[in-house]
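Q: I have a structure on my screen and would like to learn how to read it. Could you walk me through some features, one at a time?

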Amino acid sequence: MTTAFPRADRRISPVFLALVAVMGVSAWAVWSRQIAASTGFAVFLFVVSGWVVSLCLHEYAHARTALHSGDLSVGDKGYLTLNPLKYTHALLSIILPVIFVIMGGIGLPGGAVFIERGRIKGRWRHSLISAAGPLTNVLFAIVMTAPFWLKQMSGVPDPFRYALAFLALLQVTAAILNFLPVPGLDGYGVIEPWLPHGFRRQVEPFAPFGLLAVFGLLWVPEINHVFFSAVDAILRGMGISNWDTYWGQEYFRFWQGEPQVPPVGGLF
């Protein structure tokens with residue numbers, strides 16, 4: 001089937017292009033340290049803009065997969081433009097996830113696209129639509145960590161190294177959280193088509209609270225320890241140490257002042 005959308009429904013949003021520009025300029029500022037007195041602020045801009053860009057790509061992946069699975073309404077809703085303001089409420093989709101990044105260094109899933117599931121036939125397609133978003137976070141994390149696991153970090157300025165590591169940490173946490181089989185998260189969306197209809201009906205009312213429940217559990221010290229131990233293990237496999245992510249978060253919190261990084265690094 002050939003699908004045609006008005007040009008406005010498929011061109012990249014200027015808002016997304018502006019985010020990419022901010023990410024690029026702030027990355028250059030961190031790398032070159034042209035604004036050395038505000039390196040932390042440049043790291044903050046780089047990480048936040050990079051996080052919102054990844055959120056847009058996450059939701060775009062859902063929408064694009066839904067489009068090719070039969071839901072043509074995603075074009076009319078503006079989901080194919082990569083405009084973050086199209087992915088539900090700006091407060092819930094953008095502002096709150098950024099606040100959670102600031103509070104705890106957790107990549108909280110924030111956006112959402114409304115898929116007209118009745119247009120889509122086949123359980124595999126429904127599962128793939130749900131999986132497409134977090135798989136984008138996985139891909140984003142692989143790209144962000146490529147210089148580490150390819151052993152190409154020689155000569156990279158330390159602030160840029162740390163910023164890249166912290167952004168990668170957010171992607172890994174987002175991917176793990178999204179893949180949890182909890183109602184309201186993408187992981188549950190992957191398995192939902194395969195569950196008995198009666199069970200799905202019983203669970204459905206709890207979906208709006210699934211993410212809040214998960215985030216609340218992460219404040220339990222024992223659960224938090226297990227979660228971040230898993231995150232750290234994945235990052236170590238990608239060549240990123242606790243040292244890298246710790247100082248990345250310290251630079252990110254620019255309002256605390258410029259961090260004084262010891263001259264010799266090491267694992268915590």
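Q: Let's start with a helix. Which residues are buried in helix α10?

A: Gladly, and please keep in mind that this is a predicted model. The general idea first: an α-helix has 3.6 residues a turn, so residues three or four places apart point the same way. In helix α10, which covers residues 210-217, the buried residues are G210, V214 and F215. They lie on the same side of α10, because they cover an arc of only 130° around the axis.

Q: Next, aromatic rings. How many aromatic pairs are there?

A: The count comes to 16 aromatic pairs. Take W124 and W194: their ring centres are 4.9 Å apart and their planes stand at 70°, so this pair is edge-to-face. W124 belongs to helix α6 (residues 123-149), while W194 sits in the loop between α8 (186-191) and α9 (197-203), so the pair ties together parts that are 70 residues apart in sequence. As for the surface, W124 is exposed at 67% relative accessible area, and W194 is partly exposed at 36%.

Q: How are the rings of Y246 and W247 arranged?

A: That pair is edge-to-face, with 5.0 Å from centre to centre and 85° between the planes. Y246 is partly exposed, at 35% relative accessibility, whereas W247 is buried, at 9%.

Q: Which residues form one aromatic cluster?

A: The cluster is made up of F41, F44, F166, F252, F254 and W255.

Q: Now the surface. Which residues make the nonpolar surface patch?

A: L135, V138, I142, W149, L150 and F179 make it, and its area is about 500 Å². Helix α6 gives the largest share, four residues. One residue to look at is L135, which is placed in helix α6 and is partly exposed, with a relative accessible area of 45%.

Q: What about a residue on the inside? Is L169 buried or exposed?

A: L169 is buried, at 7% relative accessibility. Its place is in helix α7 (residues 158-179). A good habit is to look past the sequence neighbours. Setting aside those within four places, L169 is in contact with G105, V231, L235 and T245. With T245 the C-alpha separation is 7.0 Å, although the two residues are 76 residues apart along the chain.

Q: And charges? How many salt bridges are there?

A: The general idea is that side chains of opposite charge can pair when their charged atoms come close. Here the count comes to four salt bridges. In one of them, E116 meets K77 at 3.5 Å, N to O. E116 is in the loop between α5 (90-104) and α6, and K77 is in the loop between α4 (73-76) and α5, so the pair ties together parts that are 39 residues apart in sequence. E116 is partly exposed at 32% relative accessible area, and K77 is partly exposed at 26%. E116 also forms a salt bridge with R119, at 2.5 Å, N to O. R119 is partly exposed too, at 42%.

Q: Where do R161 and D244 lie?

A: R161 is in helix α7 and D244 in helix α12 (residues 242-252), so to speak two distant parts of the chain, 83 residues apart, that this pair links. Their salt bridge has its closest N and O atoms 2.8 Å apart. R161 is partly exposed, with a relative accessible area of 22%, but D244 is buried, at 2%.

Q: Which residues do salt bridges with shared partners join into one network?

A: D71, K77, E116 and R119 are joined in that way.

Technical notes
Residues are numbered from 1 along each chain as its sequence is written. This is a predicted model: local features need pLDDT of at least 70, side-chain atom pairs count only at pLDDT 80 or more; totals for chains, interfaces and linings use all residues. Side-chain values use heavy atoms; hydrogens and water are left out. Buried means under 20% relative accessible area, exposed over 50%, partly exposed in between (1.4 Å probe, protein chains only). The arc is that of the directions from the helix axis to the C-beta atoms. Rings of Phe, Tyr and Trp (its six-membered ring) pair if their centres lie within 6.5 Å; planes under 30 degrees apart count as stacked, over 60 as edge-to-face and the rest as tilted. Patches are made of residues with over 30% relative accessible area and no salt bridge: like charges are joined within 9 Å, nonpolar side chains (Val, Leu, Ile, Met, Phe, Trp, Tyr) within 5 Å. Accessible areas come from the Shrake-Rupley method with a 1.4 Å probe; for residues, only the protein chains shown count as cover. A salt bridge is a side-chain nitrogen of Lys or Arg within 4 Å of a carboxyl oxygen of Asp or Glu. Contact means heavy atoms within 4.5 Å.
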